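User: Please show me how to read a protein model feature by feature, giving the general idea and then the case at hand.

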Amino acid sequence: MKLFDVYPLYDVTPVSAKGIEVWDDKGQKYLDFYGGHAVISIGHTHPHYVAKIKDQLDKMAFYSNSVQNPLQEELAEKLGKLSDCTDYDLFMCNSGAEANENALKMASFHTGKAKVISFKNSFHGRTSAAVATTDNPSINAPINQQQEVTFLPLNDFEAFEQAITSDAYCAVILEAIQGVGGLDEPSTEFYQFIAQKCKENHVVLIADEVQSGYGRSGKFFAFQHHNIQPDIITIAKGMGNGFPVGGVLLHETFKPSYGLLGTTFGGNHLACAACLAVLDVVENEDLIANAASLGAYFKEKAAEIPEIKNIKGRGLMIGLEFDFEVAELRKKMIYDQHVFTGSAKNKKLLRFLPALNITKEHIDLFFEALKTVLR
Ligand code: PLP
């Protein structure tokens, strides 16, 4: 059997990693400023993370959601406190797309409606319901035609008001910082307007924090830069630092009932151990503050490089915009400088999504590599 060939791959085979350093099968070292799509939040193979997972593995990896799992409760408690979202309940699943599917499903149950408002260049995943909320028809044609999606331009108050007052929508889903799309953001005024209009029209507001959450933006959740309160928050990526896990935070106004949502693997013991270890490290190493201050340092350094035309994003979720497409630049960064970076739908944007415990020295190394490639 061969692999179903859906990913364009760089010719690099990582076999081990520590912190932001990654080694390939030939012994070459790389610096990881991409973290596998913003997944590596506390650094590769963090000793606390490894110890907690090994310890759990020795005891038990999995039992189903038909029996008590105190690790889920411990996680919900800790996550609520650290994120300042104590008035939400946690439902655990396995990925970002699954989190968004469940969120959309809940919105639909809650309102009795099916249509969804999303925004141009947003990305919410590639499963049936989540797929329907992307706007790239070539790869993301909605499979489930029932969940019709309207894509609106970001920060267009008039278009939004016109749509939301039509009484057809169950949910608005948005990223506070667009990841895959290229780091565009709703303004605070627009996000507050959305929140207000959702309330007035009984539409569920879903904050997709799959990429921007877990401290990456310099606050636990990126929507917290805008002083709003979503009805549902979806999480994944940095939540497990590489362990596949996702979650839906439902405001306590949503009432649960048996069978409403469900999953086999979601919230299993190993996943909980990974998530608890991540939160321990985020707290003990003060990583949210580190993301904020190092993001500011990164932007200062980027501002010194004339080839960079625009700097987007917050914290350690940053995009550097050039006046040329960056595919060749990324190749040179990886093959010549041995530095991993990310791309976006905006082809002129180079993305920087490192572990939240990087240092100024790491950022200096990144800019040395970038300058060498640019000159
Ligand atoms: N939502 C956002 C904002 C994302 O960036 C992604 C993935 O890139 C997803 C959802 C989907 O997550 P997953 O790939 O874990 O299904």
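User: Which residues lie nearest the centre of the largest cavity, and how many residues line it?

Analyst: A cavity is a set of points, on a 1 Å grid over the protein atoms alone, where a 1.4 Å probe fits but cannot get out, and its lining residues have an atom within 4 Å of a point. In this structure the largest cavity is lined by 14 residues, and Ala38, Gln211, Gly213, Tyr214 and Gly238 are the ones nearest its centre. Its volume is about 60 Å³, a volume being the space filled by probe spheres set on the points, which are joined across faces, edges and corners. The structure holds one cavity of 30 Å³ or more. The lining divides into seven nonpolar, four polar and three charged residues, where Ala, Val, Leu, Ile, Met, Phe, Trp, Tyr, Cys and Pro count as nonpolar, Asp, Glu, Lys and Arg as charged, and the others, Gly among them, as polar.

Please keep in mind that this is a predicted model, in which local features need pLDDT of at least 70 and side-chain atom pairs count only at pLDDT 80 or more, while totals for chains, interfaces and linings use all residues. Residues are numbered from 1 along each chain as its sequence is written, and side-chain values use heavy atoms, with hydrogens and water left out.

User: What is the phi of alanine 38?

Analyst: Most residues other than glycine have a negative phi. Alanine 38 has a positive one, near 70°, and the residue lies in helix α1, residues 35-38 (helices, H or I of at least four residues, and strands, E of at least two, are DSSP runs numbered from the N terminus). Alanine 38 is buried, at a relative accessible area of 2% (buried is under 20%, exposed over 50% and partly exposed in between, with a 1.4 Å probe and protein chains only). Threonine 45, in the loop between α1 and α2 (47-59), also has a positive phi, near 45°, but is partly exposed at 35% relative accessible area.

User: How much space lies in the second largest pocket, and which residues lie nearest its centre?

Analyst: A pocket, by contrast with a cavity, is an open set of points with protein on both sides within 12 Å along at least five of seven lines. The second largest pocket holds about 860 Å³, and Gln72, Leu90, Phe91, Pro256 and Leu261 are nearest its centre among 25 lining residues. Both α3 (70-83) and β4 (88-93) supply at least two lining residues, with β4 giving the most, four. By residue class, the lining comprises 12 nonpolar, 10 polar and three charged residues.

User: How far apart are the end C-alpha atoms of helix α4, and which residue caps its N-terminal end?

Analyst: The expected span of a helix is 1.5 Å times one less than its number of residues. For the 16 residues of α4 (residues 96-111) this gives 22 Å, which agrees with the 23 Å between its end C-alpha atoms. At its N-terminal end, serine 95 acts as the cap, with a side-chain oxygen 3.2 Å from the backbone nitrogen of glutamate 98; just after the helix, glycine 112 takes a positive phi of about 75°. The buried residues of α4 include Asn100, whose side chain makes a 2.8 Å polar contact with that of threonine 234 (a pair of N or O atoms within 3.5 Å; within protein, one must be able to donate a hydrogen and the other to accept it, and residues adjacent in sequence count only if both atoms are side-chain atoms). Threonine 234 lies in strand β9, residues 232-235, and is buried at 0% relative accessibility.

User: In what order do the four strands form the open sheet?

Analyst: Strands of a sheet pair through backbone hydrogen bonds, either parallel or antiparallel. Here the order is β1-β2-β3-β13, with mixed pairing (two strands pair if DSSP finds at least two bridges between them), and the edge strands, each paired on one side only, are β1 (14-18) and β13 (339-340). The strands β1 and β2 (residues 21-24) run antiparallel and are joined by four bridges: lysine 18 is partnered with glutamate 21, while proline 14 stands opposite aspartate 24. Two residues lie between these strands in their hairpin, where glycine 19 takes a positive phi near 60°.
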